[in-house]
Amino acid sequence: MSEPSHIDDLNLRFGIAGVAQVVAGRGAFPKIRLTTSAASAEIYLHGAQVTSWIPAGSDEVIFLSEHSHWQEGRATRGGVPVCFPWFRAKAGDPTAPAHGFVRTKLWQLDSITSSDEGAVTVACSTTSDDATRRWWPHEFLLLHRVTVGKQLRMELIVTNTGSTSFQFEEALHTYFRVGQVQNIRIRGFDGVSYLDNTDANREKLQSGDLVLTTTTDNAYISAHGAAEILDPDLHRTLQTAKENSAATIVWNPWERGAASLADLGNDEWRQMICVEASNILGSAILLETGAEHSMTSTLSVQRE
């Protein structure tokens, strides 16, 4: 939560008239509101989290739960959470926050720039501190660079600022808004192996398009290509392309899983699907001191 004076100062420093404005969002968290001829979007400094992207001529692409917690130290259900430096539960420490600690941190706003093509780029950063060292003893700089336009491009850059190497997992945990999850098809994984987290992470092989019929938590390994979500109800195809990402996660809690999540409405699972660029498990990144690693996810929409 931020004081109004802090948000006003951010807007004075970084706002662009008619294009970018820093305002108080839900929970009084600073929110960057972007409006261009190409798209509109919203990004919270809480977690450096994209919570809305509406390309011109299209409907909302990003799912955001109406039951999300907007509180310090709590994750927001929906949008595009940044997962780092581990994914899911931390190995060997069940008390550690799920999906790491940066998605509940207040990030620093570094810059907002616009281009002649109508795209706007927002850069946010966060670093290691006493709170992160409680869970993970390494020194890092994390930069999230989001470019909003006809496409939504998200680049996560990790720099090792310490004196020893470290290994990390990462994900841009994208929640897509869909008409009815039972009716969508996900294309791009035919012949790709995946680990089924609903079945003790057993390795299985995808055959054809993925059609969801129950709780799904698949980690597609050696999946470097784009994935497409074919949505007949909203008459569109959503695509997530990526760079320097070797795994893609597909997740939906279905009815039983949603009932156990206080920040997800009982029927909201029907309107969402997570398809996310990641490097996890066997594709975790080893980063030497002084080195950096960049992972990019680019979203686009094709109307039918």
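Okay, let's start in a loop: Ala-48 sits between strand β3, residues 39-44, and strand β4, residues 49-55. Keep in mind that this is a predicted model. What caught my eye is the backbone there, since phi of Ala-48 is near 50°, a positive value in a residue other than glycine. And is Ala-48 buried or exposed? Buried, with a relative accessible area of 1%.

Now hold that next to His-235. This one is in the loop between β17, residues 227-231, and β18, residues 236-243. His-235 isn't a glycine either, and its phi is positive at about 55°. Its relative accessibility is 45%, so His-235 counts as partly exposed.

There's another positive phi to show you, this time in a hairpin. Strands β14 and β15 make that hairpin with 5 residues between them, and Ala-200 in the turn has a phi of about 55°. The strands themselves, β14 at residues 193-196 and β15 at residues 202-205, pair antiparallel over 4 bridges. If you want one pair to click on, take Tyr-194, whose bridge partner in β15 is Lys-204.

While we're on backbone oddities, which residues does a cis peptide bond join? Phe-84 and Pro-85, with omega at about 0°. Pro-85 belongs to the loop between β5, residues 82-83, and β6, residues 108-114.

Okay, on to Ser-278, which is in strand β20, residues 272-279. Ser-278 is buried, and its relative accessible area is 0%. Who does it touch? Leaving aside neighbours within four places in sequence, its contacts include Glu-170, Ala-171, Ser-245, Thr-248 and Met-295. Its C-alpha is 6.5 Å from that of Leu-172, although the two residues are 106 apart along the chain.

That leads to the whole protein. Take contacts between residues at least 6 apart in sequence: 63% of them join residues at least 24 apart. The secondary structure comes to 3 helices and 22 strands. The radius of gyration is 19 Å, close to the 19 Å the globule rule gives for 304 residues, so the protein is as compact as a globular protein of that length. The C-alpha trace spans about 50 × 50 × 35 Å along its principal axes, and buried residues make up 56% of the 304.

Last, the surface and the charges. Accessible surface comes to about 13000 Å², with 46% of that belonging to carbon and sulfur atoms. There are 25 positive and 36 negative charges, and their mean positions are 3 Å apart.

That's my tour, thanks.

Definitions and conventions:
Residues numbered from 1 in each chain as written. Predicted model: local features only at pLDDT ≥ 70, side-chain atom pairs only at ≥ 80, totals over all residues. Heavy atoms only, no water. Helix = DSSP H or I, 4+ residues; strand = E, 2+ residues; numbered from the N terminus. Rg over C-alpha atoms; globule rule 2.2 N^0.38 Å. Buried < 20%, exposed > 50% of the residue type's maximum accessible area, 1.4 Å probe, protein only. Contact = heavy atoms within 4.5 Å. Areas by Shrake-Rupley, 256 points an atom, 1.4 Å probe, with all protein chains shown as cover. Lys, Arg positive; Asp, Glu negative; His and termini not counted. Charge placed at Lys NZ, Arg CZ, Asp CG, Glu CD. Pairing = 2+ DSSP bridges.
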